[in-house]
Amino acid sequence: MTTETTLYQQLAGEISGLIDGGTLRPGERIPSVRRLSEKKRVSISTVLEAYRILEDRGLVEARPQSGYFVRPRARVLPEPELTRPPAAPSFVGVSRLIDEVLAAARSPRTVPLGAGCPGPELFPAAKLQRILASVSRRKARTLAHYSLAAGNDELRRELSKRSLDWGKALAPEEFVVTNGCMEALNLCLRAAARPGDTIAIESPAYFGVLQIIESHGMKALEIPTHPREGISLDALSMALQTRRVKACVVVPTVNNPLGSIMPEANKKRLVELLAAADVPLMEDDIYGDLTFAEPRPVTAKSFDKKGMVMLCSSFTKILAPGSRVGWVAPGRFQPRVEMEKFINSIATAEVLQMTIAEFMRNGGYDHHLRRLRRIFRDNLVAFTAAIERSFPGETRVTRPEGGFMLWVELPARIDALELHREALRNHIGIAPGPLFSATGRYRNCFRMNCGHPWSRNIELAVWRLGELAKQMLAKG
Ligand SMILES: Cc1ncc(COP(=O)(O)O)c(C=O)c1O
């Protein structure tokens, strides 16, 4: 990426931030191209490019002879409310639906608004390839022996340094490296619960967790979750008093799919509540570094006094989904998790662990993170504006302060599974709501992946989805 590209995107981001924050109001004139170019000491073409992005996003409009003005928003859609799943646990049966949706969306012709992964061009692939080549040359022997189940020491040292940002310093030995966050969650659940046990989860929940629960013959207890503040602690507390909950899985910082971020006080209470009931918490922090506010919020793990929190994450959303490098800090469950790791996959490819470690040490990890956050923030603004312009009245949409996903709640009469099938015929992928529930809820909701760079093609896809939803509504 050239410096110029960074500059105009940065500029567009700054102005959209002023519009979002209300400093620049609808109808107000934004600085003239010449003035901004002088003030910011950038070229006229950079400013024009930034204004073109803002125009594409529907944030500003050019008026002949007068300049650029903030566009009145079509409307501001309300947010979804606290969810209300059933109060009883149930066995899970979502795997077939998930397979169907993921398989159908895999075609290269499909606009990928369904999968939960940023666009491939946003990952630092060239730098990682160079590091991988150099590591393979320098440490050729790593391919010729088995590595430790717990993981490579260099990577665990880098994770230990990073843990200061999460509110709790963890020693290198406290980490177990895994094949992605998915394996981390899987190992933790196996270490903490058995078939038939009840696992408390957020509702809606990441479908991978539902699949793990399903595959182990466990039951899911869906807990009401708020789109901004996350899992309802009152509901969880009640569940802990009335049910035998064996473990709890939560994504407290930028939940998937809601994008909710639990306030610090709630994280503390969550840990205390569960510790008092002797229930381990699997904290999935895979999006934790992608909050828009800096510094990032602390983890629930930072309040853990009894070793009951198993903190799980990976580099798949930030650096390289294909590396499959993830990790867990399993607290008091560490011996069991290490054993489960060995049984499951013996170890994680060490050459990839060393590549990630080197990137964290010298690859500009923080710079890369800041860039990603900025792009995702702008993307969410652009997607939300596009939804506001094209979706039916009564649509609700989340307002996440991190990550790259939106949760869209359509009028109750629209069936998201039908919308998903119709969208696929139009070569657009979405993730329909029932994927995220053990009990087939959220029939009128879907998750939209906003992690791809905003483009005309994507704008058209969002508009088309809105049209399809309106047609389905009209048909009744
Ligand atoms: C909340 C959450 N946890 C875990 C995973 C799985 O991550 P990984 O690809 O690192 O296994 C995902 C992937 O979408 C996710 O969204």
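This note goes through one long helix, several salt bridges, two buried polar residues and a surface patch in a predicted model.

1. Basis. The model is predicted, so local features need pLDDT of at least 70 and side-chain atom pairs count only at pLDDT 80 or more, while totals for chains, interfaces and linings use all residues. Residues are numbered from 1 along each chain as its sequence is written, and side-chain values use heavy atoms, with hydrogens and water left out.

2. Helix α15. Helices here are DSSP runs (H or I, at least four residues), strands are runs of E (at least two), and both are numbered from the N terminus. Helix α15 covers residues 456-475, which is 20 residues. From first C-alpha to last it reaches 29 Å, close to the 28 Å expected at 1.5 Å a residue. The expected span is 1.5 Å times one less than the number of residues. Gly476 follows α15, and its phi is positive, near 80°.

3. The buried side of α15. Buried means under 20% relative accessible area, exposed over 50%, and partly exposed in between (1.4 Å probe, protein chains only). Among the buried residues of α15 are Ile458, Val462, Leu465, Leu468, Ala469 and Met472. Glu459 and Gly466 are also buried. Their cover includes helices α3 (44-56), α13 (365-390) and α14 (416-425). Strands β4 (111-112), β15 (428-429) and β17 (445-449) also belong to that cover.

4. Ala461. This residue lies in α15. Ala461 is buried, at 4% relative accessible area. Which residues does Ala461 touch, not counting those up to four places away in sequence? They are Val111, Leu113 and Ile428, with contact meaning heavy atoms within 4.5 Å. The C-alpha atoms of Ala461 and Thr110 are 9.8 Å apart, although 351 residues separate the two along the chain.

5. Thr348. The loop between α11 (334-345) and α12 (350-362) holds Thr348. Thr348 is buried, with a relative accessible area of 3%. Its side chain makes a polar contact of 2.9 Å with the side chain of Lys341. A polar contact is a pair of N or O atoms within 3.5 Å; within protein, one must be able to donate a hydrogen and the other to accept it, and residues adjacent in sequence count only if both atoms are side-chain atoms. Leaving aside neighbours within four places in sequence, the contacts of Thr348 include Ser147, Thr178, Asn179, Glu183, Arg324 and Gln353.

6. Surface patch. Tyr146, Phe342 and Ile346 form a nonpolar patch on the surface, with about 360 Å² of accessible area together. Patch members have over 30% relative accessible area and no salt bridge; like charges are joined within 9 Å, nonpolar side chains (Val, Leu, Ile, Met, Phe, Trp, Tyr) within 5 Å. Areas come from the Shrake-Rupley method with a 1.4 Å probe, and for residues only the protein chains shown count as cover. Phe342 lies in α11. Phe342 is partly exposed, at 48%.

7. Arg396 and Glu81. The structure holds 30 salt bridges, each a side-chain nitrogen of Lys or Arg within 4 Å of a carboxyl oxygen of Asp or Glu. One joins Arg396 to Glu81, with the closest N and O atoms 3.8 Å apart. Arg396 is in strand β13 (residues 396-397) and Glu81 in the loop between β2 (67-70) and β3 (90-91), so the bridge ties together parts 315 residues apart in sequence. Arg396 is partly exposed, at 23%. Glu81 counts as exposed, at 53%.

8. Lys139 and Glu154. Their salt bridge has its closest N and O atoms 3.5 Å apart. Lys139 sits in the loop between α5 (125-138) and α6 (153-162), Glu154 in α6, 15 residues apart. Is each partner buried, or partly exposed? Lys139 is partly exposed, at 32%; Glu154 is buried, at 18%.

9. Within α6. Arg156 and Asp153 meet in a salt bridge of 3.7 Å, N to O. They are three residues apart in α6, so about one helical turn separates them. Arg156 is buried, at 10%, and Asp153 is partly exposed, at 45%. Salt bridges with shared partners join Lys139, Glu154, Glu158, Lys161, Glu358 and Arg361 into one network.

10. Ser160. Helix α6 also contains Ser160. Ser160 is buried, at 16%. Beyond neighbours within four places in sequence, Ser160 contacts Leu170, Ala171, Pro172 and Phe175.
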